[in-house]
Amino acid sequence: MLKQGALLVERDLGRNPLTEDELKDLFGDRDPREFLNTRNELYRARKMAENPPAPAVAIRLMAKNPNLIRRPIVVRGRDTVLGFDEKALLRLLGSPQKRFTTR
């Protein structure tokens, strides 16, 4: 994305975690449980795959344990992509993926 000319504003979630309100704004109408990091130790220890937390509980847990949030978090205007989704990230950038060929 940086090669495409995107400006990057980083936030260290370990030092400056997202609040519950910020998480709610990020997720909008989407179910916050979709954005739980399934590789996280707490996710596995609590067996969240088999017993998902209520949406409000998921938000509370992510605010307290930022590693529970799937990354990266990319925001452009009102659009947000959480987790690595190359197609969604390219759409967010607003430019189609370029392919180069050599002769």
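Start by selecting helix 1 together with helix 3 (55-64), strand 1 (73-76) and strand 2 (79-82): the buried residues of helix 1 pack against these three elements. Keep in mind as you click around that this is a predicted model.

Now show side chains on helix 1, residues 20-27. Leu23, Leu26 and Phe27 are the ones to color, as they are buried. They sit on the same side of helix 1, because they cover an arc of only 90° around the axis. The general background is simple: an α-helix has 3.6 residues a turn, so residues three or four places apart point the same way. Spin the view to the face turned away from that buried side, and you'll find the exposed residues Asp21 and Asp25. Just after helix 1 comes Gly28, with a positive phi near 55°.

Next stop, the interior. Select Leu23, Phe27, Leu36, Met62, Leu68 and Ile69: these have the most contacts inside the largest nonpolar core, which has 17 residues. Helix 1 and helix 3 each supply at least two residues of this core, and helix 3 gives the largest share, five residues.

Zoom in on Met62 and bring up its neighbors. Leaving aside residues up to four places away in sequence, Met62 touches Leu23, Phe27, Pro32, Phe35, Leu36, Leu68 and Ile69. Apart from the 17-residue core lies another one, of five residues; to find it, select Val81, Ala88, Leu89 and Leu92, which are among them.

Back to two of Met62's contacts, Phe27 and Phe35. Both are buried. How are the rings of Phe27 and Phe35 arranged? Their centres are 5.2 Å apart and their planes are at 5°, so the pair is stacked. The count of aromatic pairs comes to one.

Two backbone spots round off the tour. For context, most residues other than glycine have a negative phi, and most peptide bonds are trans.

- Select Arg71 and Pro72: a cis peptide bond joins them, with omega about 5°. Pro72 is in the loop between helix 3 and strand 1.
- Select Lys47: its phi is positive, about 50°, although Lys47 is not a glycine. You'll find Lys47 in the loop between helix 2 (41-45) and helix 3. Is Lys47 buried or exposed? With 54% relative accessibility, Lys47 counts as exposed, since the cut-off for exposed is over 50%.

Notes. Residues are numbered from 1 along each chain as its sequence is written. This is a predicted model: local features need pLDDT of at least 70, side-chain atom pairs count only at pLDDT 80 or more; totals for chains, interfaces and linings use all residues. Side-chain values use heavy atoms; hydrogens and water are left out. Buried means under 20% relative accessible area, exposed over 50%, partly exposed in between (1.4 Å probe, protein chains only). Helices (H or I, at least four residues) and strands (E, at least two) are DSSP runs, numbered from the N terminus. The arc is that of the directions from the helix axis to the C-beta atoms. Contact means heavy atoms within 4.5 Å. A nonpolar core is a set of buried Ala, Val, Leu, Ile, Met, Phe, Trp, Tyr and Cys residues joined through side-chain atoms within 4.5 Å. Rings of Phe, Tyr and Trp (its six-membered ring) pair if their centres lie within 6.5 Å; planes under 30 degrees apart count as stacked, over 60 as edge-to-face and the rest as tilted.
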